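Student: I'd like to practise reasoning from values to labels. Could we go through a structure together?
Tutor: Gladly; let's have a look.

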Amino acid sequence: MSRFTNLTFDSPLALLQAPGDSARWFVVQQDGAVQQFTGTNPASASLFIDITSRVRSGGEMGLLGMAFHPNFPTDSRVFLSYTTGNSPLVSRISSFRSNDGGATLDPTSETILMTIDQPETNHNGGHIAFGPDGYLYIGMGDGGGGGDAHGDRGNGQRLTTLLGKLLRIDVDGAAPYTIPPSNPFVANAVCPPAGRSSGECPEIYAYGFRNPWRWNFDRSNGDLWLADVGQGDWEEVNQVTIGGNYGWRCREGAHDYNAGTPGCSTATLTDPVTEYNHSLGNSITGGYVYRGSQSTALLGRYLFGDFGSGRIWAWIAENGAANREPTQLLDTELNIASFGQGNDGELYVLNYGGTLHRINFEASGVVNTAPRLLSDTGCVSSSDPKQPAAGFIPYAINAPFWSDGADKDRWMALPNGQNITVQASGDWNFPNGTVLMKNFRIGTRLIETRLFMRHPDGVWGGFSYEWNAEQTQATLLEGGAMRDLGEGRTWIFPSEGQCLECHTEAAGRALGLETAQLNRTFAYPQTNRTANELTTLNHIGMLTPAIADAAAQPALPDPAGSAPIADRARAYLHTNCAQCHRPGGPTPSNMDLRYPTSLMGTNACDVLPASGDLGLGANARLIAPGDSANSLLVYRMNRRDASGMPPLGSTTVDATGVSLLAQWIDGLAACQ
């Protein structure tokens, strides 16, 4: 890490650039001034705007956030988030305009969009940013005062207040703002500054936060990473999705905190992606997913730090999945108040003492030691990487996962002398050293090969290889990416962390490999022999305990087959949804969509949505018997936005799957 400019600033809290302007930098100071400078070695900085006279600063108060309108300077508005006043103290979100083509902002042009009463001087949150959807997101702390019974008042779990929330508003509609139509509680009237006694606030995007201090969107795929400052023991990082409940103050990090808070006993909570305890730091500062141009294995990894200890970490899923432990990169003497990201994707650190620093990655700091070329992995033929290596066993499944219309070929390989453990539930447990391989094809064109490996320490990790246009080689793609395949088709390559988001711990990580999925005939390409897969695997001694009679085992229906529609629909949900929607899954819902759970046992039939109706209205249900149009399950599957399902990895709606589920639901007379 190196010093970025010799300038110093008064308590800097944010560093950013304007859209399309990579020459100028803007530094937000806590006192209420925004400074600007050009280049990397400027002689001085100049004022962009000064509102110190209206900002109440000090402690956790001040000018806390700034966001350029995405069309700036054509749209001359810049949005500021600050605290002001005494009785009451409030958080204010305002827009200011430039009257000189973007050179400065006019302090007299303020338009107040939102005012939120703050009962205490701490936990004010205050970060703001525009999302890839064009909406303005606003982070608010829980109201402060500490985490005991007389402190934050349980605001993180109360949906009638804007405190303890991530908010989302549309600033391009009617003044002062409108509610995006996909917000969870869109049907309700806007919330007053002090909250209200009943009725959820429609501005809410997600909730259950203590004091979100810096959160940002991955510029490659739009994922939202949020750092939430802990109470007495744990600091946490969350990957936030619409309608999610992230636990405070029922939980601190992934640990029970105050189960007596109203609503905790019935809430469905989403635990953090990563956390650290107070032996390593005491006040987390959120950062960014690195998307710059430096050569580093940290491309696509989320970086963050701690204000108190000065440590900087990366979340590397394959290193820390077992215990949510981040990987430490640096131990600095800085009070890390914030991170900045340039228009080129490079990252910066703001020291509260006044200095700015650029993160420089060392080539020697390699984290991912996976071979760069697929042909060097040992999983494919070194002379023809389109062919599996010796020892890989091909397989297929009854109910395949939707992969944006791609065809797939699958293989598995186990270490010599090791077996698959067949559990009583029908799920399979694989030994350390297992490798699962899958090819994705559009027509005859290979797009991607994914390797999913259980490392010697028992932790699973995913690796994505992108095929070249000549179809002769595939290269490791770190951090995920999106590619335009032509003809209106976009392909998503998952990051290492996203692999583990779908391959959930609750589902045993290895998806699709279970007794009911492989109880089918398969044409083995090496031998031109057709046989039952369970019988074949049993014959070669790979299953423990042995499955002697495949005919006595359950078989998952093919969703595109001829089985009764209820069975086919439930099989589709089992494959495409149940890895998350099951007991112990990572979703803010208690749905259980595994096959063959009873319809009532899904906790979805005729059940009101807990995270908003997405505009469907009072008749909305997770599954509305006889009414697919009011069923959130179908409605979300038929979208590919922040409210869509699946929430990642897909840009194309499975129209056939949506039709299958709609027909099934429309045919339901009741939740029998």
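Student: What makes the charged end of R210 count as sitting over the ring of W248?
Tutor: Keep in mind that this is a predicted model. The charged end of R210 is 5.6 Å from the centre of the W248 ring, and the distance cut-off is within 6 Å, along with an angle within 35 degrees of the ring normal. The pair is listed as sitting over the ring. R214 is placed over the ring of W213 too, 4.0 Å from its centre.

Student: Why is the pair of F304 and W313 called stacked?
Tutor: Their ring planes lie at 25°, and planes under 30 degrees apart count as stacked. The centres are 5.6 Å apart, within the 6.5 Å needed for a pair, so the pair is stacked. Both F304 and W313 are buried.

Student: What makes F68 and F72 tilted?
Tutor: Here the angle between the planes is 55°, which is neither under 30 nor over 60 degrees, so the label is tilted. The centres are 4.9 Å apart, and both residues are buried. The whole structure holds 25 aromatic pairs, and ring pairs also link F4, F9, W25, F37 and Y348 into a cluster.

Student: How do you know that helix α5 is largely enclosed?
Tutor: Nine of its 12 residues are buried, so the rest of the structure largely encloses α5. Among the buried ones are R568, Y572 and N576, and their cover includes α3, α6 and α7.

Student: How do you know that the span of α5 agrees with expectation?
Tutor: At 1.5 Å a residue, residues 565-576 should span 16 Å, and the end C-alpha atoms are 16 Å apart, so the two agree.

How values were computed. Residues numbered from 1 in each chain as written. Predicted model: local features only at pLDDT ≥ 70, side-chain atom pairs only at ≥ 80, totals over all residues. Heavy atoms only, no water. Helix = DSSP H or I, 4+ residues; strand = E, 2+ residues; numbered from the N terminus. Expected span 1.5 Å × (residues − 1). Buried < 20%, exposed > 50% of the residue type's maximum accessible area, 1.4 Å probe, protein only. Contact = heavy atoms within 4.5 Å. Phe/Tyr/Trp six-rings, centres within 6.5 Å; stacked < 30°, edge-to-face > 60°.
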